[in-house]
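Reader: I would like to learn to read this assembly step by step. Please start with a single residue and work outwards.

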Amino acid sequence: MRLLALCAIPLVTALVVLGVPVFRGRRVPVALLLVVAAAHLALVISLWITPALPALGGWLAADPLGLAVLTLTSVLFLVTAIYIVGYLRYEAPRSGRVFAGGLLAFLAAASVVALSHHLAMLWVGMEATTLSVAPLVFLHRDRRSLEATWKYLVVSSVGIALALLGTFFLASAQGEIGRPLLLPDLIAHARELHPAWLRAAFLFLLVGFGTKMGLAPMHTWKPDTYGEAPSLVSGLMAGSLTSCAFLGVARITEVLAAARLVSFAQPVLIAFGLLSLVVAATFIIGQRDVKRLLAYSSVEHMGLLVLGLGLGGVGAYGTMLHLVNNGLAKGWMFLVTGNIVLATGSATAAANRGLARTLPASATLLVLGLFAVTGSPPFGLFLSEFTILRAAIDGGHAWIAVIILVTLAVIFVGMAALVLGIVLGTPPAPAGTARRIVPARESPWLIAGPIALAVIVLMLGVYVPGPLQDILTRAALALGGRGP
Amino acid sequence: MRDAAPIILLLVVLSDLAILGTSRLSSCIRGLAAQGFLLGLLPVLIAPQLSVHAVSLAVGTVIVKGVALPWFLSWAIREAAVRREIEPIVGFIASQLLGALAVALAFAIASRLPLHTVQPLLVPVSLATLMIGFIVLTTRRKALVQVVGYVILENGVYLFGLTQTESVPFLIELGVLLDVFVGVFIMGIVVFHINREFDSLDATRLTELTD
Amino acid sequence: MSGAGLIGVGILGAVAPALPGIVAKTKSVLTGRRGPPVLQLYADLGKLLRKGSVYSRTTTWVFRAGPVVVLVTLAVAALLLPLDGREAPARFTGDLVAFAGLLALGRFALVLAGLDTGSSFEGLGASREVTIASFAEPTLFLCFIALVLATGDLSLSGMLGTPLAAAWPRAGASLSLVGISLFVLLLAENSRVPVDDPATHLELTMIHEVIVLDHGGPDLALILYSSALKLALFGVLVVAVFVPRAGFGGPAALALLFAGLGVVAVAVGVVESIMARLRLARVPQLLVGAGTLALFATILQVG
Amino acid sequence: MTLVALGLALIVLAGLTAAALARRPAVGEMVFRILFGAGCTLGALPALAVLAGDTVPDVGLASATPFGPWVFGLDALSAVFLLAVLSVGAACAFYGLAYLAHERAHRAVGLAHLLLAVLVATLALVVVARAALPFLIAWEGMAVAAYLLVVFEHERREVRRAGGIYVVATHVGTLLLFALFAIWAGGGSDLSFAALAAHPPFSAGRGAMILVVALIAFGLKAGAVPFHFWLPEAHAAAPAHVSALMSGVVIKMGIYGLLRTIVLFGTPPPWWGWVLLALGAVSGILGVVWALAQHDLKRLLAFHSVENIGIILLGVGAGALGVTYGHPLIAVLGFAGAALHTLNHALFKSLLFLGAGSVIHATGTREIDRLGGLAPRMPWTAVTFLVGSAAIVGLPPLNGFVSEWVVYQSLLRGASAGGAVQLVGLAAVVLAFIGALALACFAKVVGVLYLGTPRHALATEPREATRAMIRPVVGLAAACVVVGLAPIAVVPAALRIGSLVAALPLQADVAAGPATAFTVGLALSLLVAWALYVAFGRGRQRRETVTWACGYPAVTPRMAYTASSFAAPLLGVFRSFSGVRTRRTPDAFSTHAIDPVLDSVLLPAWRGARAAAAWVRRVQRGGLSRYLLLVGAAVVASLLYLLVAGRNP
């Protein structure tokens, strides 16, 4: 019952916000957003305490993989909701209705994707996330966000169409064995599925959902979209939307693992992972816009996720841990970048200098985020990247380990050059005011969210709580890997 | 009735090639509408027995793909009041040849795939439609024609879906249709904004975002 | 700290100023002049000690400490050498490193004293002194390694004492090479002819003379005495290598040592009469040449 | 171990109070001094106890991170490094309080003290960590804290540039450490050092890979040539007390890493010892040659750190060869010399940097050619700098001589031992060459900086540093003298470390006693002679006049020898790779020194890579159709793969 509620509550609220005229105009129903976010998180936590029975005849179920993504999405959404309270003091989006409605629709769609055990329903949820986020990307309504939205819509839709084709391939692979496209049945009868269709299904689902994840070479929409969308939307997209897309890939990998066809899947996953790492490294050097930089960093981390899956063994556990860490870290970095954009109007290096003096809190969080996102201990991402590296070396793929290390090093140089470039130095003297630069008083609402996420990521580097460890290990086993 | 299906499928391929060949926007949309109707008929013809599911699917498809989408696109054209001809990036002859190549390739691939459905022609036509949709999407300048390309691509996938009508429950079919409609609806709005912003629908001018 | 050893050092200290006199006498005899008496340096020292001293305003205590440190380091270095061919007054494993360290400490003090005056001539001398020293020290260590290989002992008393006598029949050739390179080192460290001309008064060509340009009175006396003692020390090294005196009794060994020192002084005088001063840029090549000799000596041992 | 934990807690607490009470500096800094001092002494006690011989049990924390428990321990090897960290850390922290006092107005001074406390704490944690995860976390914490301190004056462009180079170098090092522990642990799920040590014998390839990665990762942190490129930049940019701490202790973590690798790895293959020796020789010689070429005081001292790391590596190399070729005495002496020189270098290098800090603080410039004649104006700084210089050159009776004496013994015993190991003797010659060049360089620095006449009229008349700045410097100088005069106390502890690292029984016949007699005797004779000289000179007649410059009428400051002219003959011998570049313009002639590895190798390579990346990035400029073609390409590629892989079921 709770599973249904998780999807229904945000959906209904979204429809209410979009439908009921009282919400017309610029006022954003912030209270509603906060309440729904809190309720959603409460329900998710209840799932952790007492696992829920599958609902809708097995179509909705909370398995370890789904629960991890759901929790990540819920936490990010609540933090973003809190951030929005402070955000609205600076910017009122042209239509509050579309803004709130889109966000709530996104939460509903993401919950559907996380919980659905019916792959076609998963596809419908995925398509819904794409469409719910499209108007949010177009929030600024200027030429650049228009171009970003158009590219995002078209490329994602093509990707999603390929994923639908893949789903149909999976259906034809299943034929009449068990209930159609239901994950438990697929896994139970995995060995009797038709191998040729199953392989084709895996490839199309990987390319389809890979486009939604932003894996190279289908990543081209990502820098434009994250660059132009409002930072909190980019944060949600980089944090939870990509994780939902990864869930699609993970589902088909589960089926393949059950069908002992993992040896077919691994080279493809590794190829896409390495390509993403190399592309991210090439595009990060000399990057001058922080949001685009974080977009490429997201391409890199998606590459790492898929690479971990491809390497198998302890890599699967590394991927699951990295899924959670990356989501939180991306949310944290995009929200802080949002603060910078609110203060100085742009996230490019040209417009920002000496932020340590003007925005001390955000600058500190940005620098800490730099070290977190590039996998420096003691943050969580270090632990997961280290696990994936160990998987590469244990598997005897020394050359993969070398590529990982080289790309991580190059990416660190690129990111450090930009982030440290804008944080250090003397800020341009504000015209007309006294020479002494007074640090702007940053509203606690804007700072509370990123700090909370930073604390969680830091904790995950030093202490992985028991239940989370158990969930991640079970998920890794399902994906054909093993625990730490 | 069963032997009518292959004819319908061939007509679908013809409509694809026609859309590839047209140089006028309105005829392109009329082609799309025709394809919508043809797709609407297919579920009834293919289904082993006239189940409620097949009929409702047919009706839904006709309404969405035959009527609603084309009407909406033509509304967008009137709203945009834009020059009506289509200028493909690679030229008409080239896109025609590409289309033909796509059809040939589709049939070649389909012959190698292990088929067990009732209608042998269905898979090759769906792959052909899919590829032609992709060609239209990538070689046309106007945003609106790109939307048409996307719908054709979607039709290709829908066609392939027909091979699994009994396994994919109706609710999901409806969800797919709904998603496609909402997708095109939003694309339409964006096209409308593109036209207002760039006072032309030439999507190739959208190259401001670079590294 | 055996008593005999201390007496040896005492005599060495007394005899040292005579050596420059012998060198000067040899040079003047070879060029047909009577030349200054052998004991001229004693007279000079006496005269200088009675004089007052003149200091430049720019100098600090470092300037006055220089000569004292040079003398003390050389005296302690003398304690490390086995003058009677068997046992040095102060002996410990690795004291060859201490010997080199003491020479370096003395040089460091002298160079700083020179730089303290702030005059360009002292700076010139200091710069040349350290350049030469940079190439002399590795050569000294190469010689020590050859001796260590020959005797297998890590202390100067062992290297230059009784085990050396035993090593001669076995490694005679290599030890003679070591002796020669030590002799070249003697010429370099004491600024004799091929490296520097003690008789010249053109500051631009001088090394040792120009560092001590500003020292006068008792300080100059200390410096002159120290340079003589340094010549004596290097002489002892050369003699100890060429003439192992382990077999002789205490006084006989000492007598043989001082005879050897006389021969070395004459040899220096002869060299100064035959050769002219090398261009300064070629001095490092000379020292590296001596180094290769010593390296060849070690290879002979190992091979 | 609990004492060490308590000490570190106090240190961090001190930092926090300094940051918290930034508005009331008087109280804040006084509390900082007490807490920091208490923390250091508490931490040092167990270290001294372990060095004296007794053992401290390891402490294990069952952690919730995946790879095994977090273990902390203290053995002789960690103890000497911990001692260095705490002693130099305390001196630098107290010096820093006074050094930054005048900048309280416009800079976050409280934060700097907190970062320094965090740096000292993380350094200590690195040394006591006995498991991969805590080691890596402490290692990165140290790197980040050091970076934030290096860019303390980040309004200057070159400080930001130096910080950037430093943070990149350390991060690359951290990534290499990831690889090191990943390769080493293999499939095992427990990453504690004990588990790593009890590894099955490695295959040749894997063992070699581990050693190569360890060499590069720890070489990068230690600053051995060619991985030293970040060191002069970072030290010149950092405030003086931070450069002192970095040069004295932070770069030593690289040496600690190498020694810990040997302890855990067991008997290394021969090539590793020879590579270490070669690295040490190259770092030593090039380090001192490049130092000679410098005019900037802090860059000069930084290059000398590279030289001393070279000397330490010679010791480590000799030790490794001793273990490989089965000569216990060479091995124990080698490692003992290396450990002792690490401690000594920490003392005298931080002393020199703090002295340099006082000079820069007083004169406002780092260009030694613009200074001169500071001794009369800054007597205390001059004397302590002189002691530091004598120590670093390895002159008796100070501590530099003692540790070099132990390293020499190891090298000379290697020469006299039979077999291939005899080549080690050549290293002794190299060490002598390095020592002589170091003497030249420090004679130049002391002579040009403190002696003679001021070369340029400075804006402000240089005054002696404040008492608070002089106390730590004098403390360090005293430590150098005490260690120099007491080899009998220090050498046995070093031998205990040597036997621990070499895993061989303790050799006793190193003449520590007579060596003490020698150093003490030398010191006494020097004092007695100076007393006699003063007594002899009292009654005599003294006159003050102008320097006798062969009769030139007036000695102008411009006649005094400058640093570059002093080093010119020596650098002439090394010609191009001495890093000296002359710039001739019609009306001016100037020389400046570049770092050949950084300026002519790494930076051009990086600019090339960036240009190549920019060329590839043109793809992103394309329109929508190009993006879709990419997606199409991905589909086609996967279809091809399907055909290829699909064949075999």
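Author: The model is predicted. We begin with B:Phe181, which lies in helix H7 (residues 170–198) of chain B.

Reader: Is B:Phe181 buried, exposed or partly exposed, and why?

Author: The idea is to count neighbours. A residue is buried if 20 or more other C-beta atoms lie within 10 Å of its own, and exposed if 12 or fewer do. B:Phe181 has 17 within 10 Å, so B:Phe181 is partly exposed.

Reader: Which residues is B:Phe181 in contact with, leaving aside neighbours within four places in sequence?

Author: Set the sequence neighbours aside and look at what remains. B:Phe181 is then in contact with B:Val64, B:Ala68 and B:Leu69. Check B:Lys65 as well. B:Lys65 and B:Phe181 are 116 residues apart in sequence, yet 8.3 Å apart in space from C-alpha to C-alpha.

Reader: Now the whole chain. How many helices and strands does chain B have?

Author: Seven helices and zero strands. From the N terminus, the order reads α-α-α-α-α-α-α.

Reader: How compact is chain B, and why?

Author: Compare the radius of gyration with the globule rule. For chain B the radius is 17 Å, close to the 17 Å that the rule gives for 211 residues, so chain B is as compact as a globular protein of that length. The C-alpha trace spans about 50 × 35 × 35 Å along its principal axes. Of the 211 residues, 48% count as buried.

Reader: What share of the contacts in chain B with a separation of 6 or more comes from residues 24 or more positions apart?

Author: That share is 74% in chain B.

Reader: On to interfaces. How is the size of an interface often given?

Author: Often as the accessible area lost when the parts come together. Here we count residues in contact instead. Between chains C and D, 61 residues of chain C are in contact with 63 residues of chain D.

Reader: Which elements of chain C supply at least two residues each to the side that touches chain D?

Author: They are strand E1 (53–56), helix H4 (61–80), helix H5 (95–116), helix H6 (120–151) and helix H12 (283–302) of chain C. The largest share, 17 residues, comes from H6(C). By class, this side of chain C has 36 nonpolar, 18 polar and seven charged residues.

Reader: What joins E1(C) to chain D?

Author: Look for bridges across the chain boundary. Four bridges join E1(C) to strand E3 (residues 542–545) of chain D, and the two strands run parallel. One residue to find is C:Tyr55, whose bridge partner in E3(D) is D:Glu544.

Reader: How many residues of chain A and of chain D are in contact?

Author: Use the same kind of count. There are 52 residues of chain A in contact with 49 residues of chain D. H17(A) gives the most to the chain A side, with nine residues. That side divides into 39 nonpolar, nine polar and four charged residues.

Reader: Let us finish inside. Which residues touch the most other members of the largest nonpolar core?

Author: D:Ala124 and D:Leu149, in a core of 663 residues. Helix H17 (residues 424–450) of chain D supplies the largest share, 23 residues. The core also draws at least three residues from each of domain 1 (153–524) and domain 2 (601–646) of chain D. The centres of these two domains are 46 Å apart, taken over C-alpha atoms.

Reader: What surrounds D:Ala124, leaving aside its neighbours within four places in sequence?

Author: D:Ala124 is in contact with D:Val4, D:Leu8, D:Gly43, D:Leu82, D:Val85 and D:Leu86.

Key. Residues numbered from 1 in each chain as written. Chains lettered and ligands numbered in written order. Predicted model: local features only at pLDDT ≥ 70, side-chain atom pairs only at ≥ 80, totals over all residues. Contact = placed C-beta atoms within 7 Å. Nonpolar A, V, L, I, M, F, W, Y, C, P; charged D, E, K, R; others polar. Pairing = 2+ DSSP bridges. Domains from an automatic or database assignment. Core = buried A, V, L, I, M, F, W, Y, C linked by C-beta atoms within 7 Å. Rg over C-alpha atoms; globule rule 2.2 N^0.38 Å.
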